[in-house]
Amino acid sequence: MATSAAPSPSPETGSRAGSGTVLAHTSAGVIAGERSGRLSVFRGVPYAAPPVGPLRFASPRPPVPWSGVRDATAFAPESLQPIIPGSGEDSLYANVWTPAPTGSADAGPDTDAEAAKPVLVYIHGGGWMVGGGSLPVYDGARLADRGDLVVVTFNYRLGALGFGLHEEFTDPDTGDFANWGLQDQAALLRWVHRNAAAFGGDPDNITVAGTSAGGASTWQFALLPELRGIIRRIVPISACHVWEPATSLSPADSRQAYEAVARRLGTTVPGLREVPAAALMDAWEEVFGGLPGEREVGSGREFRGPVVDGRWMSAFDYELPTPEVPVLAVHTRTEGSFYTGPCPPQPTPTPPPTDAAELREAVRGVLEKGMEKVPYELADACIAAYREAAEADGLPQDPLSLWTEIWGDALFRYQIVRLSERHARHGRSPQYVMEFAQPVRAPHHGTPHEATSPFLFGTYADPAAISATYPVPGTTPLFHDGPHERAVSETFMDLVAAFARDGVPTGPGAPAWPVFDPERPSTLVLGGEPIAEIATTSKARQLRFWDESGWVPRT
């Protein structure tokens, strides 16, 4: 799923910048990055103090100022997680790619306010448990260069250290006791707003994009009052909109989980600030090990995202108003094939079903992600509805295809489409909807969840970048690499860059893209043949099952 990055750089107090060095004057001190083509690149820039010791389970604090020039040419470690060697707690660092002028070793900042660039902040996904902004799939060079943007990626706290709730962790300064990963993301956005000009960016033109868990954050932050003056637009991509019990712990279950971890480690809940980080992570994984029905708690059945705490997440997205900023919402054609392909991310994946009986059990497994007891009648009704819809649309009806569609719609596409429709009816800002349809190569199939990132960042042909996200079997590349794929990637970059610039997604490779209206063709389909076209929402019949089933919350 991911690869490790280099250790975090340490300040070089009083050092002199090298001959090819570029400087930026941030609010905490001067940093030295490097020139790469027409870009200046800064890696491992602290946007908050290390959340260690007494700052574990605490709100993020501003970065500790330094004197002299701090090296910013190496990525920091990803936030602590089970799958990346070298990940750690000291991880709150940002990476910046900018085409704007910057200071040199012999001169101060050289930023022309009139030429300030739009800023695109990207929030990585990973189920709130894994991932990092420094993974090679998110290399911002191509997007910054082609889009003429300042591109920012970053890390935030994950897992037990990032997403949960317990009042015994109450921060004496802020009063917060939950969702430290969300707090980190908000701190990063405030840091970007404060420091955008240092990188040639426009602090009044910040667009926030993200995929999966990161896509959910873009939506949540657009609704957060204190960030409304910072976020100009959002690009939620394959957003995993949070709901309980599938992707969020209930407050009661979160309390119980931390208390169970404390018992395992022979300490109290506040004492968890003092135990070794690796031991805490391992104990957390033990609490949530095995199938959902075998755990100590009943919620957080598939992912453990933000918990409703009345502050950083006041309610779930389907319960809240629609954002008041312009939206460019993206989903893939077959979100579920990320999980039903030959190398799914689950530690103990379900074998693909090959007949009716296996399909019934596989669908029950999907439904168990959001429901404690799943009657066979519900699984049968789901399969029947999807088979009928596939027949009407001329789509495959084999067990693997049906299972794939059910998985992707249940956890992702249903809420994405329905929330987009709600925004079209009640929203006061323009909204554009994209279906990303570029297929992967066999033995993978469809257009999986997270297939978007390699094309947005132009890293689809980079084996190291792809292996950081997909465990691709053998030596077969995940994507083809030719003129068609290059055109899809460049069109994606152009559309997002144009949206970040002035709120209207345009590009030479795309047709005129109307504001989304569910009653007429207005979805831009990107990828496949042709490269880009305007169409109606695909596979609408499939979504009707979820409207009536009561399994996933209705918007």
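**Group meeting: buried charges, a strand and the voids**

I will start with Arg43, which has its place in strand E4. Before going on, note that this is a predicted model. Is Arg43 buried or exposed? Its relative accessibility is 15%, and the limit for buried is under 20%, so Arg43 counts as buried. Its side chain has a polar contact with the side chain of Glu34, at 2.6 Å. One distance for orientation: between the C-alpha atoms of Arg43 and Pro101 there are 17 Å, and along the chain the two are 58 residues apart.

Next, a second arginine, Arg56. Arg56 sits in the loop that runs between strand E4, residues 39-46, and E5. With a relative accessible area of 4%, against a limit of under 20%, Arg56 is therefore buried. Which residues does Arg56 touch, leaving aside its neighbours within four places in sequence? The contacts are Pro51, Glu89 and Leu161, then Leu272, Arg273, Glu274, Val275, Pro276 and Ala277, and finally Leu280.

Glu89 takes us to the other side of that pair. Glu89 belongs to the loop between strand E5, residues 69-71, and strand E6, residues 93-98. Its relative accessible area is 15%, which is why Glu89 is classed as buried under the 20% limit. The side chains of Glu89 and Arg56 are joined by a polar contact of 2.7 Å. Beyond its neighbours within four places in sequence, Glu89 has contacts with Pro51, Val52, Arg56, Leu80, Leu161 and Ala277. Pro51, Leu161 and Ala277 also appear among the contacts of Arg56.

From there, the cavities. The model has 6 cavities of 30 Å³ or more. The volume of the largest cavity is about 100 Å³. Its lining consists of 13 residues, and those nearest the centre are Leu80, Leu158, Gly159, Ala160 and Met281. Leu80 was also one of the contacts of Glu89. Which helices each supply at least two residues of this lining? They are helix H2, residues 159-162, and helix H6, residues 277-287. H6 provides the largest share, 5 residues. By class, the lining of the largest cavity has 10 nonpolar residues, 2 polar and 1 charged.

Now the pockets. For the largest pocket, the volume is about 1200 Å³. Its lining has 45 residues, and Met129, Glu302, Pro345, Gln346 and Pro347 are the ones nearest the centre. Three elements give two or more residues to this lining: helix H7, residues 337-340, helix H8, residues 356-367, and helix H10, residues 399-426. Which of them gives the most? That is H8, with 5 residues. Sorted by class, the lining of the largest pocket comes to 22 nonpolar, 13 polar and 10 charged residues.

The second largest pocket has a volume of about 430 Å³. It is lined by 22 residues, of which Thr334, Leu395, Pro396, Glu405 and Lys539 are closest to the centre. Two or more residues come from each of helix H9, residues 376-393, H10, and helix H14, residues 540-549. Here H10 contributes the most, with 5 residues. The classes in this lining are 7 nonpolar, 8 polar and 7 charged. H10 thus gives two or more residues to the lining of the largest pocket and to that of the second largest pocket.

The last item is strand E14, residues 523-526. Are the residues on its two faces buried or exposed? Thr523 and Val525 on one side are buried, and so are Leu524 and Leu526 on the other, leaving both faces covered. E14 pairs with strand E13, residues 431-436, in the parallel sense, over 3 bridges. In that pairing, Val525 of E14 stands opposite Glu435. With strand E15, residues 532-535, E14 runs antiparallel, and 4 bridges join the two. There, Leu526 has Ala532 of E15 as its bridge partner. The hairpin of E14 and E15 has 5 residues between the strands, and in it Gly527 takes a positive phi near 105°.

To recap the charged residues: Arg43 pairs by a polar contact with Glu34, and Arg56 with Glu89. That is the end of my part.

Note on methods: Residues numbered from 1 in each chain as written. Predicted model: local features only at pLDDT ≥ 70, side-chain atom pairs only at ≥ 80, totals over all residues. Heavy atoms only, no water. Buried < 20%, exposed > 50% of the residue type's maximum accessible area, 1.4 Å probe, protein only. Polar contact = N/O pair within 3.5 Å; in protein donor to acceptor, adjacent residues only side chain to side chain. Contact = heavy atoms within 4.5 Å. Pairing = 2+ DSSP bridges. 1 Å grid on protein atoms, 1.4 Å probe; cavity = no way out; pocket = protein on both sides within 12 Å on 5 of 7 lines; lining within 4 Å. Points joined across faces, edges and corners; volume = space filled by probe spheres on them. Nonpolar A, V, L, I, M, F, W, Y, C, P; charged D, E, K, R; others polar.
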